[in-house]
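Here is a short report for a first look at this structure. It starts with a sheet, then turns to helices, cores and charged pairs.

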Amino acid sequence: MESLLFHGSDKIVETPTKEGGKVHNDYGQGFYCTPDIELAREWACTKASAAFVNHYSFEPGFELKVCDLSKPPFHVLNWLAVLMDNRVFDTRLPFPREMKQYVIQEFLPDLSGYDIIRGYRADDSYYDIAQSFLAGSISLEWLDRALRLGKLGEQVFLSSHLAFEALCFTSAEAVDKAVYYPRRLLRDRLAREFFRTIKGRGMSSDGILAIDIFRQKWKNDDPRLR
């Protein structure tokens, strides 16, 4: 686990708390950071007037359990199950509703024993990719490829009170929005363009679609997921 983490925000956050996070974020309620300071500077830049990057380190002596959803033994459906368990998806049609329930039932990992979770960041473009897979518009292969090749970066999620106890605020810096807000918009635009590209190619005849996983009753240990 990196010794330094950064959190982009419209304010200085000296004492982050688990309860201060939004309930329907990617991995649930907690505190989201990144080890990439340039990425944090971009994330800090929204339409709000102020932008800051908060710097944190971990106090020595804490043994924290870290789960990295982007590495084995976890696979893309584990990440998707966590996302579906926390974010709000469009399930007005019968199949997306049933598929969401199936993904959560079969592929949701038990993260309760972890203090920190690492994984892909599901900004709007990544969320659209996940929603398209649920609706059957792109294949599993293209979902996995999109996450691995995407440009939105990974995030570090502090989920336990022990993690917050170990986290130490060290400083904060103001971010030049004239520089970093355009970079954020460019990253988002490139991610959306990438999504449009894979959506047009993600329905290949030999690809595995959500309906295949549902009908064939795939399980978490299916070798095709490795």
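What is the order of the strands in the open sheet of four strands? The order is E2-E6-E5-E4, and the pairing is mixed. Strands here are DSSP runs of E with at least two residues, helices are runs of H or I with at least four, and both are numbered from the N terminus.

This is a predicted model, in which local features need pLDDT of at least 70 and side-chain atom pairs count only at pLDDT 80 or more, while totals for chains, interfaces and linings use all residues. Residues are numbered from 1 along each chain as its sequence is written, and side-chain values use heavy atoms, with hydrogens and water left out.

**The sheet**

Two strands count as paired if DSSP finds at least two bridges between them. E5 pairs with strand E6 (residues 154-158) in the antiparallel sense, over five bridges. Tyr120 stands opposite Glu154 in E6. Strands of a sheet pair through backbone hydrogen bonds, either parallel or antiparallel.

An open sheet has edges. E2 and strand E4 (66-68) stand there, each with a single partner strand, so one side of each is left without a neighbour in the sheet. Neighbouring strands of this sheet are turned by 25 degrees against each other on average, direction ignored. Angles lie between axes, which are lines fitted to C-alpha atoms, for helices over the stretch in contact; they run from 0 to 180 degrees between N-to-C directions.

**Helix H2 and the cores**

Why is helix H2 largely enclosed by the rest of the structure? Of its 11 residues (76-86), 10 are buried, so the rest of the structure largely encloses it. Buried means under 20% relative accessible area, exposed over 50%, and partly exposed in between (1.4 Å probe, protein chains only). Among the buried residues of H2 are Leu77, Trp79, Leu80 and Asn86.

H2 also feeds the largest nonpolar core. Such a core is a set of buried Ala, Val, Leu, Ile, Met, Phe, Trp, Tyr and Cys residues joined through side-chain atoms within 4.5 Å. This one has 43 residues, and Leu77, Leu80, Phe107, Phe133, Leu140, Leu143 and Ile213 touch the most other members. The elements giving two or more residues to this core include H2, H3, strand E5 (116-120) and helix H4 (124-135). H2 gives the most, with eight residues.

Leu80 reaches several parts of the chain. Leaving aside neighbours within four places in sequence, Leu80 is in contact (heavy atoms within 4.5 Å) with Val103, Ala130, Phe133 and Leu143. Apart from this core lies another, of 13 residues, among them Leu5, Tyr56, Leu158 and Phe164.

**Charged pairs**

How many salt bridges does the structure hold? It holds 12. A salt bridge is a side-chain nitrogen of Lys or Arg within 4 Å of a carboxyl oxygen of Asp or Glu. Three of them are listed here.

| Pair | Closest N to O |
|---|---|
| Asp26 and Arg87 | 2.7 Å |
| Asp68 and Lys71 | 3.9 Å |
| Arg189 and Glu193 | 2.8 Å |

Asp26 counts as buried, at 6% relative accessibility. Arg87 is buried too, at 17%. Asp68 is buried, with a relative accessible area of 15%.

Arg189 and Glu193 both lie in helix H7 (residues 177-201), four residues apart, about one turn of the helix. Arg189 is partly exposed at 42%, and Glu193 is partly exposed at 31%. Salt bridges that share partners also join Glu38, Arg41, Glu173 and Arg183 into one network.
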